[in-house]
Amino acid sequence: MSSKQQILGTHKNYQTWLDSLLELTPEQAMSPYAAGKWSPNEIIMHLAEWDRFTSEDRLPVMKEGAKLERFPAFEEFNARAAARAAEQTFEETIAYAKNERQRITQKLEELDESEWNKEFQIGDHTLSIMSYFTDFWEHDEHHKRQIERVRNR
């Protein structure tokens with residue numbers, strides 16, 4: 001990824017892809033993509049909760065020279081997301097995920113492109129908004145492939 005428009009395009013494509021998941025049967029939505037792994041419902045909630053975290057706890061402080069806290073404990077964070085997914089329907093999870101991604105997209109649209117390559121620290125890592133959201137896209141793609149395995153069964 002090399003531009004604000006490319007990143008925003010990936011977010012729009014993600015929204016469209018989320019809509020397409022409503023074609024999954026309830027059984028598919030709640031079936032793990034492999035033995036002992038997450039279901040599409042849990043994966044989408046995982047992505048949505050990271051979106052919420054990014055929107056609330058990361059984007060507001062991604063400023064040049066900022067030193068951001070390390071990421072929260074992944075296992076605990078992800079377990080909470082999976083537990084939340086179990087409490088609602090897949091349609092509710094999709095709606096929540098779309099809303100959280102839209103919040104990020106709106107904030108990114110409002111950011112001047114000159115801010116996108118300014119560097120900040122997360123733990124020991126030097127990042128920019130551009131590199132953060134390129135990694136974000138790669139994370140989305142990883143999980144999209146898992147869900148597509150369920151869809152294509």
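1. Read along the sequence, the protein follows the pattern α-α-α-β-α-α-β-β-α, which amounts to six helices and three strands, where helices (H or I, at least four residues) and strands (E, at least two) are DSSP runs numbered from the N terminus. This is a predicted model, in which local features need pLDDT of at least 70 and side-chain atom pairs count only at pLDDT 80 or more, while totals for chains, interfaces and linings use all residues. Residues are numbered from 1 along each chain as its sequence is written, and side-chain values use heavy atoms, with hydrogens and water left out.

2. On overall dimensions, the radius of gyration of the protein is 16 Å, close to the 15 Å that the globule rule gives for 153 residues, so the protein is as compact as a globular protein of that length; the radius is taken over C-alpha atoms, and the rule is 2.2 Å times the number of residues to the power 0.38. Along its principal axes the C-alpha trace spans about 45 × 30 × 20 Å.

3. On packing and surface, 46% of the 153 residues count as buried, where buried means under 20% relative accessible area, exposed over 50%, and partly exposed in between (1.4 Å probe, protein chains only). Of the contacts with a separation of 6 or more, 78% come from residues 24 or more positions apart, a contact being heavy atoms within 4.5 Å. The accessible surface comes to about 8100 Å², and carbon and sulfur atoms hold 50% of that area, as computed by the Shrake-Rupley method with a 1.4 Å probe, with only the protein chains shown counting as cover for residues.

4. Helix α4 (residues 74-86) has 13 residues that should span 18 Å at 1.5 Å a residue, and its end C-alpha atoms are 18 Å apart, which agrees; the expected span is 1.5 Å times one less than the number of residues. Within α4, the residues F77, N78, A81, A82 and A85 are buried. Seen down the axis of α4, these buried residues fall within an arc of 135°, so they line one face of the helix, the arc being that of the directions from the helix axis to the C-beta atoms. What covers them includes α3 (40-58), whereas E75, E76, R80 and A86, on the other side of α4, are exposed.

5. The structure holds 14 salt bridges, each defined as a side-chain nitrogen of Lys or Arg within 4 Å of a carboxyl oxygen of Asp or Glu. One of them joins D19 to K98, with the closest N and O atoms 2.5 Å apart. D19 lies in helix α1 (residues 4-20) and K98 in helix α5 (residues 90-110), so the pair ties together parts that are 79 residues apart in sequence. Both side chains carry some exposure: D19 counts as partly exposed at 35% relative accessibility, and K98 is partly exposed at 26%.

6. E56 forms a salt bridge with R103, the closest N and O atoms being 3.4 Å apart, and this pair links distant parts of the chain, with E56 in helix α3 and R103 in helix α5, 47 residues apart. E56 counts as partly exposed at 37% relative accessibility, as does R103 at 26%.

7. A local case is R151 with E148, whose closest N and O atoms are 2.8 Å apart in a salt bridge. Being three residues apart in helix α6 (residues 129-151), R151 and E148 are separated by about one helical turn. E148 counts as partly exposed at 22% relative accessibility. Elsewhere, salt bridges that share partners join E49, R52, E56, R84, E100 and R103 into one network.
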